[in-house]
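Q: Please take me through the salt bridges of this one up close, then connect them to their surroundings. I'd like the cut-offs as you go.

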4 protein chains.
Amino acid sequence: MSKKSNYTLFKQRAYIIIYGTSTKAGRLFDLILLALILLSVLLVMMETVADFNAQYHSQLILLEWVITVFFSIEYLMRIISIDKPWKYIFSFYGIIDFLSIFPMYLSLVLVGSNVFTVVRALRLLRLFKILNHPQFNSQSVHLKRAINASRGKIIVFIYFVLIITIIIGSIMYVVEGAASGFTSIPAGIYWTIVTLTTVGYGDISPVTPFGQFIASFVMILGYGIIAVPTGIVTAEIAKSTTKVPKQTKPCTVCGTDDHQDNARFCYKCGTSLLS
Amino acid sequence: MSKKSNYTLFKQRAYIIIYGTSTKAGRLFDLILLALILLSVLLVMMETVADFNAQYHSQLILLEWVITVFFSIEYLMRIISIDKPWKYIFSFYGIIDFLSIFPMYLSLVLVGSNVFTVVRALRLLRLFKILNHPQFNSQSVHLKRAINASRGKIIVFIYFVLIITIIIGSIMYVVEGAASGFTSIPAGIYWTIVTLTTVGYGDISPVTPFGQFIASFVMILGYGIIAVPTGIVTAEIAKSTTKVPKQTKPCTVCGTDDHQDNARFCYKCGTSLLS
Amino acid sequence: MSKKSNYTLFKQRAYIIIYGTSTKAGRLFDLILLALILLSVLLVMMETVADFNAQYHSQLILLEWVITVFFSIEYLMRIISIDKPWKYIFSFYGIIDFLSIFPMYLSLVLVGSNVFTVVRALRLLRLFKILNHPQFNSQSVHLKRAINASRGKIIVFIYFVLIITIIIGSIMYVVEGAASGFTSIPAGIYWTIVTLTTVGYGDISPVTPFGQFIASFVMILGYGIIAVPTGIVTAEIAKSTTKVPKQTKPCTVCGTDDHQDNARFCYKCGTSLLS
Amino acid sequence: MSKKSNYTLFKQRAYIIIYGTSTKAGRLFDLILLALILLSVLLVMMETVADFNAQYHSQLILLEWVITVFFSIEYLMRIISIDKPWKYIFSFYGIIDFLSIFPMYLSLVLVGSNVFTVVRALRLLRLFKILNHPQFNSQSVHLKRAINASRGKIIVFIYFVLIITIIIGSIMYVVEGAASGFTSIPAGIYWTIVTLTTVGYGDISPVTPFGQFIASFVMILGYGIIAVPTGIVTAEIAKSTTKVPKQTKPCTVCGTDDHQDNARFCYKCGTSLLS
């Protein structure tokens, strides 16, 4: 065998391990990668905690470099092992993968630029891959289907809410004015969203009696409004939960086909369903 | 053809473009109008942001005038092209259309009166027209039907909540008093609504142990209460969602077409549906 | 006719007007009473608003006396017209009716005791009577039935929530301590209820990282918990909405009885249902 | 009978009373124990209220000792009456039972260690035992079944929410920074959870326009997200509620009794159900 062929073999094997999930090595690679992503995000998180960073700065930096090197090798392997590297490099995940290692190398030249490792948090999106594993699959498929089915209604609903929000925000800006914290219409809109979604920070809140009256109205409106997306999603989930994929065949004698899942005889005419 | 007839033709064409949506020009006019409404609201919004306004004041005013002129032409065209102009002028939209252009002209005489252009936000209501377009229609029809069906129950529910609110608000005013911010019964009612809807600004909150005990009770009551509108809307949406498109053909004799799925005879005239 | 008999007649008529709703006079009396109750509550409310009270004090007091006199007459009439006066006097509504007029008379002797007219807010409960009127009845019956049906599950749920609340409140008291506002276990429980119900005033909020971690856990728990009462009520409303009381009789030929409400012929065998 | 045999009899009787619920004495013991647990938790609670403790300190301590002695006797009885004492001692409840009496004895040696009696709150978990009593059973069984059935979906959902939370928290940390209270990424994550769950304390809230814009987006996202667990639980409760008690009789041949409502033949063995 030529050396070239050896390299091709290596590429193929790398591809199966990195991109595939059907082999044991492929699944192990996925698990290690997910663990390292979590660890890297934890590192970035802890670095932003002033006290912790002050005490363990050198250890954090060391671990950062270890992970950066591993991610760099992974990045190069992804490029090498695939047939059309550019497709990966300019894909969503390809760009994130690059941005999550680049700032560390940049920090060698530009002091402080390693703060951009925060981008690494986006690598967490890879964790959604786990949801395709068998034990979660049936659950997430159900949810996904229900959420997809409700998307149309939800968009119409959000469109409606946004218009309402702008109108109420403008009214509150006029009624309350800058003295109460409603410094501009966008601020009024921000307050309206905070109120309608029942978050209610209290950083801006009406102080004039008339403003409080309108606010009360908005809150009771919010009562009704919050019911709508819940209603949409619930109805879809209920539908997808009760509609189990049919396993039973229709009865060969009377044609009835709404048998229970474990039925062995037709509940209408008594014919065996198993034959 | 006389000149008069030419004018009539112009009126008719204008009517079709402005009020209709069946021609290409009509739909285009709608889209441009909606875009301009959005832009005009954006302008009014940005004008209220002090920093932005200071920097781009002249540009904002210029754009305002451009839009005002366009809206004025649209307003005149709406009056001219319709058969009964007064019906439009004193309709809800007619008044809003007038109020959204008038303040700008007034500002030429009365400095500062252009702040009333805020009324323009109400023109956003025209954006709901989009929901009648085919691709949104089926979704919004579903939602509208469900919301209409729940209206009766929602009104009874809000009536109930308002009474509860006044009673709890009065009790809290007595228990907490002005020192805790419960300066009057209306303030107490405002607090009760803020709490029952789980908004919880925190601008007024109980400080005495007994007040906090009642507040805890109110919050747990709110738990149950928030479930009611959600339940009402969800039940209606679920009903309108599960009403699957009918497979049964309409009756050949009387034309009734809302038969049960397994119907073999028309429930109205008794004709067989299978033949 | 003797004078006694005249009095009996008067008593009977008064009874029909005051307690009944079947005559026109009876319904009118109810409406006037409800309007006066609303007015009286409004008066008490406005009296607590310092600015308003300062300006219109004498008018408010005058109106208060007018209403008090009317309520006193109503109270006496209720006692006179009924057969067993003590039963009314010591009933829930009887006591409230008394307490809503007594403080005004007491204020003649004891200055300032008219603040207790706040009790009048409880008379608002009489407003629920309206819900028995025909146009609301079907709606409120539906709601009442659904809420009654869910009562058992709701009690079990609240029992569960209260225990969780005490445990979490105790833990937060230990973790956060008095410095963060968790001055005692009851304060911790109050905070837990504020958080679990997603009200979130922010008067007490965790400041230590570990406290915030537990708080995050409690909030995500609250996510799941708020779903439970909603689910209970929704399921009951959905059931009571879809299960309309049956008007159709079963088919005399084939016995099928799940006909549509307006069915005139059996959908299975075509027999007339009206004969 | 020997003394040994008497002791065995005593052990058996104690076992039936303490661990069992089938005898009257057993149920009475349970009730008294639950009441004492509630009382003991109340004591610990009141002790943390500074004012109350200052006034009634000696009485509280006395009552504490009474309850501690009772709990100690109960603890010893539980060990004596069971066949495998170690199994109880190292069980979850065994450890809690020990930890709820130990601190009081320790306080004799180590002043102030009785603050750890807070652990006693965990004994409240024994109150869940009541839910197994007949009158609550059917309700809690329903709820438990629905919650168990939704567990899989809820876990997938929380997994999803946590990832979203970390990503949004990181973004907000970068956008707002320490000046607005977003001192670190964990603080940003805490804020995101507070916002997504619509709790909204307001201890941390965005101040920059761009931060407020992202926050608005997060809140509207939260709208949709809160709908999901509600939808999941509602769908399950609706399913378990609509499964109405069966009207069909069990099959006379194989005893199967979960037939469809209109079944005429057993779906398991084909025997006619109508005869």
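A: The salt bridges come first, then a few loop residues, then the packing between chains.

A quick word on the ground rules: this is a predicted model, so local features need pLDDT of at least 70 and side-chain atom pairs count only at pLDDT 80 or more, while totals for chains, interfaces and linings use all residues. Residues are numbered from 1 along each chain as its sequence is written, chains are lettered from A and ligands numbered from 1 in the order in which they are written, and side-chain values use heavy atoms, with hydrogens and water left out.

Chain A is the setting to start with: 9 helices and 0 strands, where helices (H or I, at least four residues) and strands (E, at least two) are DSSP runs numbered from the N terminus. Of its 275 residues, 47% are buried, meaning under 20% relative accessible area, with exposed over 50% and partly exposed in between (1.4 Å probe, protein chains only).

Now the salt bridges, defined as a side-chain nitrogen of Lys or Arg within 4 Å of a carboxyl oxygen of Asp or Glu. Over all chains that rule gives 21 of them. R123(A) pairs with E74(A) at 3.0 Å, N to O. R123(A) sits in the loop between helix 6 (102-109) and helix 7 (134-176), and E74(A) in helix 3 (residues 50-81), so the pair ties together parts of chain A that are 49 residues apart in sequence. R123(A) is buried, because its relative accessible area is 2%, and E74(A) is buried too at 4%.

R123(A) also bridges to D97(A), with the closest N and O atoms 2.9 Å apart. D97(A) belongs to helix 5 (residues 92-99) of chain A, 26 residues away from R123(A). With 3% relative accessibility, D97(A) is buried as well.

Chain B has a D97(B)–R123(B) bridge, at 2.9 Å between the closest N and O atoms. D97(B) lies in helix 5 (residues 92-99) and R123(B) in the loop between helix 6 (102-109) and helix 7 (134-176) of chain B, so parts 26 residues apart in sequence are tied together. D97(B) is buried at 3%, and R123(B) at 1%. Back in chain A, shared partners join E74(A), R78(A), D97(A) and R123(A) into one network.

In chain C, the helix 6–helix 7 loop holds F116(C). F116(C) is exposed, at 52% relative accessible area. Its C-alpha atom is 5.8 Å from that of P103(C), 13 residues apart along the chain.

Another loop to look at is the one between helix 8 and helix 9 (209-242) of chain B, home of T198(B). T198(B) has a positive phi of about 60° without being a glycine, and it is buried at 4%.

Between chains C and D, the rule finds 0 salt bridges across the interface. The contact (heavy atoms within 4.5 Å) takes 42 residues from chain C and 44 residues from chain D. About 3700 Å² is buried there, 79% of it on carbon and sulfur atoms; buried area is the accessible area (1.4 Å probe) that two parts lose on being put together, summed over both. On the chain C side, K153(C), M219(C) and Y223(C) lose the most area to chain D, together 19% of what that side buries.
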